[in-house]
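Work through the exercises below with the sequence and the model side by side. Each task is followed by a solution in steps.

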Amino acid sequence: MKQDVGIVSYGAYVPRYRITPAEIGRVWGTDGAAMGASLGVRRKSVPAPDEDTITISTEALRTALIRGAIDPQEIGALYIGSESHPYAVKPSATVVAQAVGATPNLTAADFEFACKAGTAAIQTCLGLVGAEMIRYGVAIGSDTSQGAPGDALEYSASAGGAAFVIGREHVLARVRHTLSYTTDTPDFWRREGQRYPSHGGRFTGEPAYFRHVTECTRRIMDRAGTTAASYAHVVFHQPNGKFPQRVGKQLGFSEAQMRYGLVTPSIGNTYSGAALIGLANVLDVAKPGDLVLMVGYGSGAGSDAFDFQVTDELATYDRSFGTPVQEFLEGGVEIPYSVYAKFRGKIHMGGEA
Amino acid sequence: MSIARFWRETPRRYNLGGCRCPTCQTVYFPPRSVCPVCVNHRRSIGRMEPFQLSGEGEVVTFTLVHEAAEGFEMQVPYVMAIVRAKEGPQLTAAVVDIDPADVKIGLKVRATFRKLREEGRAGVIHYGYKFAPMDATHHPPDRPAGGTRLPATTATTTTVGSEARA
């Protein structure tokens, strides 16, 4: 990037409720604990009945704006990446913009690219801010995705999100490089009107997640002139706890480098929120001068990679407001499958079509 | 509720937008066009100032709802409370993210943004404030007006809930 453009504030939000893979398996007569172990997921978050992508996005962004002392009227663009926008037609972004007081002088839109719509939103904001068309751009990745009852996805699909304010002043983490790797790969999809997504099973692995993440990571390190050892922290998209650890190991990253960027084992796969909550957790602990690599992935398929350098601003950034990501990872209230089914609308009530 | 009526109420439902009397500084939520407590209350007509509540408050009284209103069946039992905002006004709202047994009079709460109701499966979704228990990390930092991280020349606010934004 030619200019010093990057993250000037951030906030994350994860709903309060949790369910374990063992509890899900108990209902479907499978060994849920073994399923959880094979996925590397200990618990997943569950949204309350009154939470959705819009409310999660709003909570995350309010935290970011208060922490950064950012005037919402200075936001010139607001994009929300999600595959669970509450409306098929009507933007989530307008509700969130109104709820944080950013309307009416901004552009807003919803992004969809499976799990990488949030990172695509960051790239868009970098362009607008870098071109000095706007002062602040907001990129949010947020989801309340579902897996069909009994499907493998049900053990990991969870809810959460993170908001990043992109700007040129008081930059906490400067974007040195960003690039993407995109192909037409049908590994996971949800057709219009379908309630639950479908996937290609094992096809979601090698030709999809691993190929795109690996290629994208190699290419950005080539461009940046770095090696795996150059980075203090690395964040990969994390549809489960295992994929990111495997790809990280293949690319030469250590457990210590991946530690803070990996949040899925504690909260499940938050889809568009996953890599971004991992990045928020990294920024909660990163030190000035650290290099941070984030590589998102979205089915369909594509990867977006970012090479960040943490600045001295992070040392004085006021994180006293809002919940640290670590508390979301450790906290929460576990619920049984019956309550989970009710909260997620999996029970058909009388009078429904 | 009609779409138009809810839409008109968006500033107060999304952002706790009330008003303040310029003479006696009394804060009202929802907003009023006249201050009823001023001695010469006619002077307040047309002069009430927009004022955004911070979202901080405490439970004055509450009830646990077991017989849900239509559309709230999935949330039973839920807590409805009268919350006294830090700035003075009292408002009725749901309290969420807490075991109902832990709700007490005097409980410190903060506003949170939630789905209020849906007009069936095909209709519009209404959003607005509810309250969640206040914790140590949700007190907005005490910053001078204008914020500390922005150039002094910029007209700005420190928080989303600051009155200058209302």
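## Exercise 1: a sheet in chain A

In chain A, three strands make up an open sheet with mixed pairing, in the order 3-2-14. The model is a predicted one, in which local features need pLDDT of at least 70 and side-chain atom pairs count only at pLDDT 80 or more, while totals for chains, interfaces and linings use all residues. Residues are numbered from 1 along each chain as its sequence is written, and chains are lettered from A and ligands numbered from 1 in the order in which they are written.

Task: find which strands are the edge strands of this sheet, and which residue of strand 3 of chain A stands opposite Tyr17(A).

Solution.
- Terms: strands (E, at least two residues) and helices (H or I, at least four) are DSSP runs numbered from the N terminus. Two strands pair if DSSP finds at least two bridges between them.
- Edges: strand 3 and strand 14 (333-334) of chain A each pair on one side only, and these are the edge strands.
- Pairing: strand 2 (residues 17-19) of chain A joins strand 3 of chain A in the antiparallel sense, over three bridges.
- Partner: Val46(A) in strand 3 of chain A is the residue opposite Tyr17(A).

## Exercise 2: the two domains of chain A

Task: state how chain A is divided into domains, and which element supplies the largest share of the side of domain 1 of chain A that touches domain 2 of chain A.

Solution.
- Division: chain A consists of domain 1 (6-172 + 323-343) and domain 2 (175-314). Such bounds come from an automatic or database domain assignment.
- Distance: taken over C-alpha atoms, the centres of domain 1 and domain 2 of chain A are 16 Å apart.
- Contact: 48 residues of domain 1 of chain A and 44 residues of domain 2 of chain A take part. Two residues are in contact if their C-beta atoms, placed from the backbone, lie within 7 Å.
- Elements: those supplying at least two residues each on the domain 1 side include strand 1 (6-13), helix 5 (117-130) and strand 6 (136-144) of chain A.
- Largest share: helix 5 of chain A gives six residues.
- Character: the domain 1 side divides into 23 nonpolar, 19 polar and six charged residues. Here Ala, Val, Leu, Ile, Met, Phe, Trp, Tyr, Cys and Pro count as nonpolar, Asp, Glu, Lys and Arg as charged, and the others, Gly among them, as polar.

## Exercise 3: the largest nonpolar core

Task: where does the largest nonpolar core lie with respect to the two domains of chain A, and why?

Solution.
- Terms: a nonpolar core is a set of buried Ala, Val, Leu, Ile, Met, Phe, Trp, Tyr and Cys residues joined through C-beta atoms within 7 Å. A residue is buried if 20 or more other C-beta atoms lie within 10 Å of its own, exposed if 12 or fewer, and partly exposed in between, with C-beta atoms placed from the backbone.
- Members: the largest core has 138 residues, and Leu78(A), Val96(A) and Phe164(A) are among those with the most contacts inside it.
- Share: helix 10 (residues 274-285) of chain A contributes eight residues, the largest share of this core.
- Position: the core lies between domain 1 and domain 2 of chain A because both give residues to it.
- One member: beyond its neighbours within four places in sequence, Leu78(A) touches residues including Ala93(A), Val96(A), Leu106(A) and Val138(A).

## Exercise 4: the buried side of a helix

Task: which residues of helix 2 (residues 32-39) of chain A are buried?

Solution.
- Residues: Gly32(A), Gly36(A) and Leu39(A) are buried in helix 2 of chain A.
- Side: these residues are on the same side of helix 2 of chain A, because they cover an arc of only 70° around the axis. The arc is that of the directions from the helix axis to the C-beta atoms.
- Partners: the buried residues of helix 2 of chain A pack against helix 1 (21-28) and helix 7 (242-250) of chain A.
- After the helix: Gly40(A), just after helix 2 of chain A, has a positive phi of about 70°.

## Exercise 5: backbone details

Task: where does His170(A) lie, and which residues does the cis peptide bond with omega of about -5° join?

Solution.
- His170(A) lies in the loop between strand 7 (159-167) and strand 8 (173-185) of chain A.
- Although not a glycine, His170(A) has a positive phi of about 50°.
- His170(A) counts as buried, because it has 20 C-beta neighbours inside 10 Å.
- The cis peptide bond joins Phe29(B) and Pro30(B), and Pro30(B) is in the loop between strand 2 (27-28) and strand 3 (49-52) of chain B.
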